[in-house]
Amino acid sequence: MSNQTSDNKRIAKNTAVLYVKLILSVIIGLYTSRVILQALGASDYGLYTIVGGIVSMMNFLGVTMMSVTYRYIVVEFGKGEKGDPRKVFNTSLVIHIALVLLLLIVGETFGVYYIRNIANIDSSKISDALFVLHLSLAATSFVILSVPFNGLIVAREKFVFTSVIEIGRTLLKLGMVVALAYYCGNRLRMFAVIMAIYTIILPVSMYIYCFVKDRDIIRWQFNKKRSDYSGILGYAFWIMIGAIASMGQNQGSNMIINLFFNTVVNAAFGIGFQINNYVMMFVQSLNQAAIPQIMKSQSSHNTERSLSLIYGIAKFAFFIMLIPVVPLILNMDFVLKAWLKDVPQYTDVFATLLLVGGLIKCMGAGIDTSIQATDKIRAFQIFYSLAYLLVLPIAYLLFYLDFPAYTIIICTIFATISVLIFQAVNLSKITDFSIAYYLQHTVFRCVLVGLCSLPLFLLKLFSENSISWFFTSSMVSVIWIISMIYILGCTNEEKEMVKRNIRRICKIK
């Protein structure tokens with residue numbers, strides 16, 4: 001068996017494992033959210049959300065460093081014998097220790113001051129809020145310190161280990177939250193303890209795993225070379241610029257919508273965003289499984305392998321998202337009413353347009369990873385930031401001219417298309433990426449399968465608001481889309497691979 005075939009099977013296996021973890025996590029997460037709300041009540045749950053938001057905001061740099069750390073450790077492994085993952089690991093660990101100290105200093109000063117003097121919290125709940133703050137800071141510190149260990153596990157592509165731990169801790173959280181409903185003491189504080197335990201389990205598990213499997217790499221050795229720290233932090237700066245722009249565009253969109261409309265429209269926007277995020281999680285699982293392979297191939301100068309993954313990942317990310325998106329759009333009214341009962345105006349339009357934008361974004365899956373592997377990210381991050389931030393003033397002007405609320409999503413879709421075009425052009429300049437082959441092999445097949453899915457929307461002429469119709473139309477849609485993916489979306493080689501796998505599963509010789 002060739003190394004490339006083995007690597008492709010590893011991607012497929014890791015993707016399947018991540019999918020199982022994701023499905024269980026989403027199902028349990030949706031149920032757990034309802035139980036938590038009932039156990040705590042809206043007031044205490046809102047208080048926990050406020051304090052958690054404060055900690056998340058202060059940990060913004062720590063979140064940014066996650067992707068940076070993954071990149072440097074994975075690339076170092078891709079260099080083979082020339083790489084020095086131990087040096088990169090220890091350099092990253094020093095940076096994250098500094099981030100923990102910064103978080104604790106800011107959290108225990110500004111965070112405490114904010115809760116005592118600024119936040120709109122009842123005076124009788126101040127002590128509870130401070131308890132939640134201290135515990136959240138401690139748990140988040142564990143998460144930050146685990147980032148280099150997580151990067152090492154990602155580089156080793158040990159997704160089965162992390163998925164098993166995450167499923168286990170999710171089930172544990174469910175059990176503890178159900179027990180919370182029968183707890184007679186301070187439920188807010190007990191919930192903070194439950195969430196701290198839930199948060200700490202994964203970092204501690206990662207440390208133990210790395211100590212057993214990669215003891216030589218994680219052995220402490222202080223790196224005195226300043227250029228190594230400045231290189232990682234300089235790279236992190238440009239990643240942070242893009243992250244700030246993305247967060248600013250999302251939050252800014254909410255603010256601009258609120259200026260011209262009302263909170264009901266804000267709720268519709270938020271619900272649409274939540275639906276899109278759940279669907280995008282499935283695509284991110286494929287992307288997450290492929291990232292180490294793309295970066296390792298890029299850093300080892302195996303350009304052909306790296307580009308082959310990009311062309312394939314972008315195409316199959318689109319197909320994977322298309323499978324749930326079409327039934328969702330087709331039955332959007334039924335899904336929203338079954339889920340929410342009282343559906344805010346424009347929710348169906350927001351959700352549909354966001355899903356369409358997500359489909360377009362999928363066609364760039366893998367391209368940004370390849371750009372990051374080259375270390376030449378400045379131009380892309382600047383364009384990415386400008387493209388999405390420009391959505392805000394343009395949407396403001398259009399709203400001023402009495403355009404409908406969903407116009408801002410249409411502007412975002414155009415920004416996504418412009419970023420996708422720039423990504424492809426930029427990658428073609430710094431690697432052997434072929435725009436012509438990408439258009440022919442990836443974009444054309446995605447558009448073709450997408451267009452062949454449009455006749456399914458004729459089913460709306462016969463739609464009924466019933467669970468039986470939902471399952472029937474969804475089943476018809478999924479079978480049709482998978483058939484179109486196989487007939488029109490797959491190459492002859494990919495079709496043969498599918499046949500071989502089916503024969504092996506069915507044990508047909």
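Trainee: What percentage of the 509 residues in the chain is buried?
Mentor: Keep in mind that this is a predicted model. Buried here means under 20% relative accessible area. Of the chain's 509 residues, the share that falls in that class is 49%.

Trainee: And how many helices and strands does the chain have?
Mentor: No strands turn up at all, as their count is 0. The helices number 19.

Trainee: Which residues have the most contacts inside the largest nonpolar core?
Mentor: That core has 133 residues. Helix H10, residues 303–330, supplies the largest share of it, with 15 residues. The two with the most contacts inside the core are Phe433 and Tyr438.

Trainee: What does Tyr438 touch, leaving out residues up to four places away in sequence?
Mentor: Start with Tyr311 and Ala314, then Met363, Gly364 and Ile367. Tyr438 also touches Leu420, Ala424 and Val443. One more partner completes the set, and that is Phe433.

Trainee: Are H10 and H12 roughly parallel or antiparallel to each other?
Mentor: H12 covers residues 347–362, and its axis lies 8 Å from that of H10. The angle between them is about 165°. Angles over 145 degrees count as roughly antiparallel, so H10 and H12 are roughly antiparallel.

Trainee: How many nonpolar residues are in the contact of H10 with H12?
Mentor: On the H10 side you'll find, among others, Ala314, Phe318, Met321 and Ile329. H12 brings Thr352, Leu355, Gly358, Leu359 and Cys362. By class, no residue of this contact is charged and 2 are polar, while the nonpolar count is 11.

Trainee: How do H8 and H15 run, roughly parallel or antiparallel?
Mentor: H8 spans residues 226–260 and H15 spans residues 391–400. Their axes come within 10 Å and cross at roughly 15°. Angles under 35 degrees count as roughly parallel, so H8 is, relative to H15, roughly parallel.

Trainee: Which residues of H15 make the contact with H8?
Mentor: H8 puts in Gly248, Gln249, Gly252, Ser253, Ile256, Ile257, Leu259 and Phe260. Taken by class, the contact has 9 nonpolar, 4 polar and no charged residues. From H15 come Val391, Leu392, Tyr396, Phe399 and Tyr400.

Trainee: What is the handedness of the two crossings, H10 with H12 and H8 with H15?
Mentor: Take H8 and H15 to begin with: their crossing is right-handed. H10, on the other hand, passes H12 in a crossing that is left-handed.

Key:
Residues are numbered from 1 along each chain as its sequence is written. This is a predicted model: local features need pLDDT of at least 70, side-chain atom pairs count only at pLDDT 80 or more; totals for chains, interfaces and linings use all residues. Side-chain values use heavy atoms; hydrogens and water are left out. A nonpolar core is a set of buried Ala, Val, Leu, Ile, Met, Phe, Trp, Tyr and Cys residues joined through side-chain atoms within 4.5 Å. Buried means under 20% relative accessible area, exposed over 50%, partly exposed in between (1.4 Å probe, protein chains only). Helices (H or I, at least four residues) and strands (E, at least two) are DSSP runs, numbered from the N terminus. Contact means heavy atoms within 4.5 Å. Axes are lines fitted to C-alpha atoms, for helices over the stretch in contact, and angles run from 0 to 180 degrees between N-to-C directions. Angles under 35 degrees count as roughly parallel, over 145 as roughly antiparallel, 65 to 115 as roughly perpendicular and the rest as oblique. A crossing is left-handed if the near helix is turned anticlockwise from the far one by less than a right angle, and right-handed if clockwise. Ala, Val, Leu, Ile, Met, Phe, Trp, Tyr, Cys and Pro count as nonpolar, Asp, Glu, Lys and Arg as charged, and the others, Gly among them, as polar.
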